[in-house]
Structures are given as structure tokens and as C-alpha cells.
Amino acid sequence: MAGEGSAITEEEITLTVKWSGKEYTVRLCADDSVSELKRRISQLTNVLPKRQKLLYPKLLASKLADDSVLLSQLPLKSSLKMTMIGTVEDEIIVDQVESPEIVDDFELGQDEAVDIKDNEVNKQKLRRRVDQYKIDLRNPCREGKKLLVLDIDYTLFDHRSTAENPLQLMRPYLHEFLTAAYAEYDIMIWSATSMKWVELKMGQLGVLNNPNYKITALLDHLAMITVQSDSRGIFDCKPLGLIWAHFPEFYSSKNTIMFDDLRRNFVMNPQNGLTIKPFKRAHSSRESDQELVRLTEYLLAIAELDDLSTLDHSKWQYFNEDGVKRRRHA
């Protein structure tokens with residue numbers, strides 16, 4: 001840590017953040033971004049990052065509004081305190097409806113994706129997240145089972161449409177899908193939202209206490225890390241290495257598959273990600289959406305394989321078709 005009143009230049013830094021009459025100590029590294037700072041503050045205060053406004057003496061607010069700025073680029077001093085203005089979300093559903101819709105999903109080039117995955121800075125961020133984030137098991141990990149990790153918004157649930165009952169926005173065949181998958185896979189839910197939202201929505205959909213399957217764990221936005229690409233700048237992703245590090249005796253890259261409607265979330269483990277078709281406009285698409293039915297077939301078809309990471313999940317539809325053809329000619 002730099003001396004009193006001097007700029008912070010060491011890798012490990014400690015900041016004092018004032019909010020709602022209290023002071024919080026936030027420990028980060030100089031190569032962390034403002035996005036990571038907000039994530040840490042959220043962990044301490046329950047104020048979501050997008051609801052935070054950060055103020056710091058003699059520093060333009062716009063600097064702290066840019067999530068991509070690295071802390072090492074800011075003239076932070078150990079003698080000064082940061083102030084956060086923000087409100088804890090009481091009405092989660094309103095919060096989700098108001099949130100901006102992410103429509104600019106992108107495909108990184110092969111070389112760039114490899115660079116991000118193998119970048120030592122990103123590996124360090126993952127190691128720090130492993131140390132910081134605790135995964136609470138709702139049900140025990142099962143010996144010999146593979147792992148299925150599922151996103152929520154647009155994967156299992158249409159979070160943008162409105163309805164009198166949340167069940168009207170649930171993706172068709174969700175419970176049948178989870179029941180069938182549970183025979184071969186432990187199931188974890190990982191959302192880029194708050195844990196409060198995850199628990200509320202999964203509870204409303206009847207996922208958390210279903211008698212036909214069990215959810216192993218829930219993960220929220222605090223488990224994600226921020227990475228940077230040359231072409232797309234800074235963005236958050238879901239590193240499966242976090243789960244593998246916590247439960248190495250059960251899960252690895254060989255037996256894990258992750259469904260998400262955003263490809264960017266797979267960037268630290270592209271060989272384990274399957275991009276699911278987004279479930280939107282539930283009222284008009286509910287009758288025709290068969291995605292979970294077809295993906296059930298795929299999951300069960302690959303369940304006996306020793307190494308799922310050797311598959312090209314972008315071609316999962318053809319794997320099913322080939323399997324049907326082989327059975328027909330057997």
C-alpha cells in the first residue's frame with residue numbers, strides 16, 4: 001500500500017467506501033476495473049452495480065461511471081474516501097423490467113477468444129474470484145454425474161414480457177427438461193443478476209422444491225469476472241473454472257456443459273458452452289418453442305461420453321439428427 005496521501009500504485013489496494021452512514025473496506029487489485037469495484041461494493045451493500053453512483057474527491061464522476069476504466073488509471077489515494085450513492089432494490093421484478101435489454105451479443109474470433117481464456121491477468125481474476133466467492137450447496141454433489149449449468153433470463157424465462165403469473169413466462173417443458181437432465185447431470189443455475197432475484201424467480205417457477213429433481217447450487221452476478229477483448233472492450237463472463245476449483249473431485253471441463261443465450265459468457269470456457277435460442281415474446285412463442293425438448297435429447301445422447309469438451313456444441317442439432325439416422329439404420 002502506498003504511503004499516506006500518495007497515489008496507489010501497488011498491485012493490492014484497499015479503498016474505504018461510504019454509503020448510508022456506514023463505511024466499508026473494499027480490497028482490490030490495481031488491474032481491476034471500475035466494474036469490479038462496483039461488484040465488490042454490491043457484495044457488501046446489496047446495491048446493484050447499475051444503481052451505484054461513485055464520487056471521489058477531485059475526480060470527475062464520469063471517470064467512475066466508465067466501467068472499463070482500470071483502477072490503476074485513476075489517481076486514487078489511500079487517505080481519501082469514496083462515496084457511493086445508490087438504493088437497494090426492494091422490488092426486483094420492476095428492476096428487471098427496467099433493465100436494458102442486451103441485444104448486441106457478439107462472436108469473438110478464434111484467436112482472440114483463446115487469448116482471453118489464456119490471458120494471465122484473467123486467470124488471476126479467476127483465482128481471486130475463487131477465493132472471494134462461496135458457492136452454497138442446496139443439495140450434495142453426486143458422484144459420477146456430469147454438470148449442467150443454466151442461465152435464467154431468455155434461457156429458462158422470458159424476463160421482459162409482462163404477465164399476471166410468472167408461470168406464463170416460463171419456457172415450455174422446463175420441468176420435464178430438468179427432470180430428464182437430473183438423471184444424468186447435477187444442475188446449477190447461474191444468472192447475471194442478484195441472488196435475491198435468482199431465488200425469487202426460481203421459487204416462483206417451482207424449480208427450487210420440485211420433487212422430481214434437485215438444484216445443486218445457485219450462482220449470481222458476483223461470481224462473474226470482467227475480461228477485455230481488443231475488438232469488444234470490457235465485458236463480464238461466467239468462468240466455469242470457479243465451480244471446478246470449488247468442487248474438483250466432482251466437476252471439470254470434461255463433464256460440464258453450460259447453456260446461455262449470450263456467447264460472451266462462455267469466453268473463459270468456450271469448449272463447454274452451448275448457445276441456446278433466446279426465449280422471447282412468451283405469449284406468442286409459447287406454443288411453438290421446442291428448444292428444451294430437443295436439448296433434452298442432446299443432453300441424454302452425450303451423457304455417456306467421457307469428455308464433453310471435445311464436442312462442438314454449436315452443432316448440437318446435427319448430433320441429434322446423426323443419432324436418429326444411426327438408430328434407423330441399426
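Two residues are in contact when they have heavy atoms within 4.5 Å of each other. The structure described here is a predicted model, in which local features need pLDDT of at least 70 and side-chain atom pairs count only at pLDDT 80 or more, while totals for chains, interfaces and linings use all residues. Residues are numbered from 1 along each chain as its sequence is written, and side-chain values use heavy atoms, with hydrogens and water left out.

A good place to start is I41, which is found in helix α1 (helices are DSSP runs of H or I with at least four residues, numbered from the N terminus). I41 is buried, with a relative accessible area of 2% (buried means under 20%, with a 1.4 Å probe and protein chains only). Leaving aside neighbours within four places in sequence, I41 is in contact with V17, V26, N46, Q52, L54 and M84. I41 also lies 8.9 Å from T25, C-alpha to C-alpha, with their positions 16 residues apart in sequence.

Helix α1 also meets helix α5. Residues E36, R39, R40 and Q43 in α1 meet R128, R129 and Q132 in α5. By class, this contact of α1 with α5 has no nonpolar, two polar and five charged residues (Asp, Glu, Lys and Arg count as charged; Ala, Val, Leu, Ile, Met, Phe, Trp, Tyr, Cys and Pro as nonpolar; the others, Gly among them, as polar).

Turning to α5 itself, its buried residues are N122, K125, L126, R128, R129 and V130. At the N-terminal end of α5, N119 acts as a cap, with a side-chain oxygen 2.8 Å from the backbone nitrogen of V121.

Key: Helix = DSSP H or I, 4+ residues; strand = E, 2+ residues; numbered from the N terminus. Buried < 20%, exposed > 50% of the residue type's maximum accessible area, 1.4 Å probe, protein only. Polar contact = N/O pair within 3.5 Å; in protein donor to acceptor, adjacent residues only side chain to side chain.
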